[in-house]
Amino acid sequence: MIRYPLAAAVLAAGVGFNVLAGPLPGQVDFGKFTPPGDGGQFVEVQVNSNLLSLAAQVVEKQQPDAAKLLRSVQLVHVNVVGLTDGNRAELEKRVRQIRHDLDAQGWDHNVSVQEKDGQDVGIYTKTRGGEALAGLAITVIQPREQVVLINIVGDIRPEQVAALGDKLDIKPLKDVGAALKKAAPKAPDSKETVPEN
């Protein structure tokens, strides 16, 4: 899931993950997941701040914008669990409970999309000090395929998810980011007023 330059940097430096002492502002505990019994899709990725900082150093000279984006993130956590007849009801209920908990914890519910094919997307943000984002949580139910849960801790906006997924080469982030871009409402043309002389 994670390839060059991130993987190369980790191997070269021999950096291990630090265990987080406690939850960060903007961090969501999705709980533990088990792979579907029939060998269905299962992905779990967690990239912590030390690795993100290292990746930023690796790309800084050639891609300063990418380095800036990576430095604005403290944690990336992705879960993808394939849906089967045996786990579908339980996982869909669990995603709805996570959304309920986010609402109860004061997260802003920014986007809610329910497609005709049953796809159900919820995007939440947590602010810090009223200006900067502390975290982003994305919950996706694709009823015939999978559940996707993404938590990004740091000052990152939904429209930056695809770029972050690209830089870290994490496919679920790229896929969700591309879907967010596609589904984003077009901004109305802004009418600028010209001051009269």
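The second largest pocket of this predicted model holds about 200 Å³ of space. Here a pocket is an open set of points on a 1 Å grid over the protein atoms alone, where a 1.4 Å probe fits, with protein on both sides within 12 Å along at least five of seven lines. Its volume is the space filled by probe spheres set on the points, which are joined across faces, edges and corners.

The lining residues (an atom within 4 Å of a point) include Pro23, Phe30, Lys32, Glu44, His77 and Asn151. Strand 1 and strand 2 each give two or more residues to this lining; strands are DSSP runs of E, at least two residues, and helices runs of H or I, at least four, numbered from the N terminus. The lining divides like this:

| Class in the lining | Residues |
|---|---|
| Nonpolar | 4 |
| Polar | 5 |
| Charged | 3 |

In this scheme Asp, Glu, Lys and Arg are charged, and Gly is among the polar ones.

Now to the helices. Arg99 sits in helix 4 (residues 88–104) and, at 11% relative accessibility, counts as buried (under 20% relative accessible area, 1.4 Å probe, protein chains only). Leaving out residues up to four places away in sequence, Arg99 touches Asp120, Val121, Gly122, Tyr124, Thr139, Val140 and Ile141, with contact meaning heavy atoms within 4.5 Å.

In helix 5 (residues 161–168), Val161, Ala162, Leu164, Gly165 and Leu168 are buried. Seen down the axis, these fall within an arc of 160°, so they line one face of helix 5; the arc is taken from the directions from the axis to the C-beta atoms. Asp169 follows helix 5, with a positive phi near 55°.

Residues are numbered from 1 along each chain as its sequence is written, and side-chain values use heavy atoms, without hydrogens and water. Local features need pLDDT of at least 70 and side-chain atom pairs count only at pLDDT 80 or more, while totals for chains, interfaces and linings use all residues.

Methods
Buried means under 20% relative accessible area, exposed over 50%, partly exposed in between (1.4 Å probe, protein chains only).
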